[in-house]
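Biologist: Please take a close look at one part of this model, the side chains that lie between buried and fully exposed, and set them in the context of the fold and of its surface patches.

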Amino acid sequence: MKKVKTVFNIISIIFLIILIFWITQLNYNDLSYQENSSAYLGILSTGMMSLALQLIIRGVKEKK
């Protein structure tokens, strides 16, 4: 189980790096959805995947 937790933590760190990348891609001069749609969708998808991974990690901890 410790190996599974380590793998999920590594994947979570990778998603955090991708999330930081998408935040840097925002055009802060014009925050409209039309201008930043790909960045907003990237932030939303990586945020949701990070949340899902954290919930999976909690589920693995509770199964012990």
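**Partly exposed side chains and surface patches**

Modeller: Met 49 has a relative accessible area of 42%, and because this value falls between the 20% below which a residue is buried and the 50% above which it is exposed, Met 49 counts as partly exposed. The model is a predicted one, and Met 49 is placed in its helix 2. Along the chain, Met 49 is 39 residues from Ile 10, while the C-alpha atoms of these two residues are separated by 13 Å.

The setting for such side chains is a protein whose secondary structure consists of two helices and zero strands. Along the principal axes, its C-alpha atoms fill a box of roughly 50 × 15 × 10 Å, and the radius of gyration is 15 Å, whereas a compact globule of 64 residues would have a value near 11 Å. Of the 64 residues, 19% are buried.

Helix 2 also holds Leu 41, which is partly exposed because its relative accessibility, 47%, lies under the 50% that an exposed residue must pass. Together with Tyr 33, Leu 44 and Met 48, Leu 41 makes a nonpolar surface patch of about 450 Å². Tyr 40, likewise placed in helix 2, has a relative accessible area of 26% and is therefore partly exposed, being above the 20% limit for burial. Membership of a patch calls for over 30%, so Tyr 40, at 26%, does not meet that condition.

Tyr 40 also offers a way to relate this part of the model to the charged residues: Tyr 40 and Arg 58 are 18 residues apart in sequence, and their C-alpha atoms are 27 Å apart in space. Arg 58 belongs to a surface patch of positive charge, where it gathers with Lys 2, Lys 5 and Lys 61. Both helices contribute to this positive patch, since helix 1, residues 2-24, and helix 2, residues 33-63, each supply at least two of its residues.

Within the positive patch, Lys 5 is the residue to examine for its accessibility. Lys 5 is placed in helix 1, and its relative accessible area of 35% makes it partly exposed, because that value is neither under 20% nor over 50%. The 35% of Lys 5 is also over the 30% asked of patch residues, so its accessibility is in keeping with its place in the positive patch.

Note on methods. Residues numbered from 1 in each chain as written. Predicted model: local features only at pLDDT ≥ 70, side-chain atom pairs only at ≥ 80, totals over all residues. Heavy atoms only, no water. Patch = residues over 30% accessible without salt bridge, like charges linked within 9 Å, V, L, I, M, F, W, Y side chains within 5 Å. Areas by Shrake-Rupley, 256 points an atom, 1.4 Å probe, with all protein chains shown as cover. Salt bridge = Lys/Arg side-chain N within 4 Å of Asp/Glu carboxyl O. Lys, Arg positive; Asp, Glu negative; His and termini not counted. Charge placed at Lys NZ, Arg CZ, Asp CG, Glu CD. Helix = DSSP H or I, 4+ residues; strand = E, 2+ residues; numbered from the N terminus. Buried < 20%, exposed > 50% of the residue type's maximum accessible area, 1.4 Å probe, protein only. Rg over C-alpha atoms; globule rule 2.2 N^0.38 Å.
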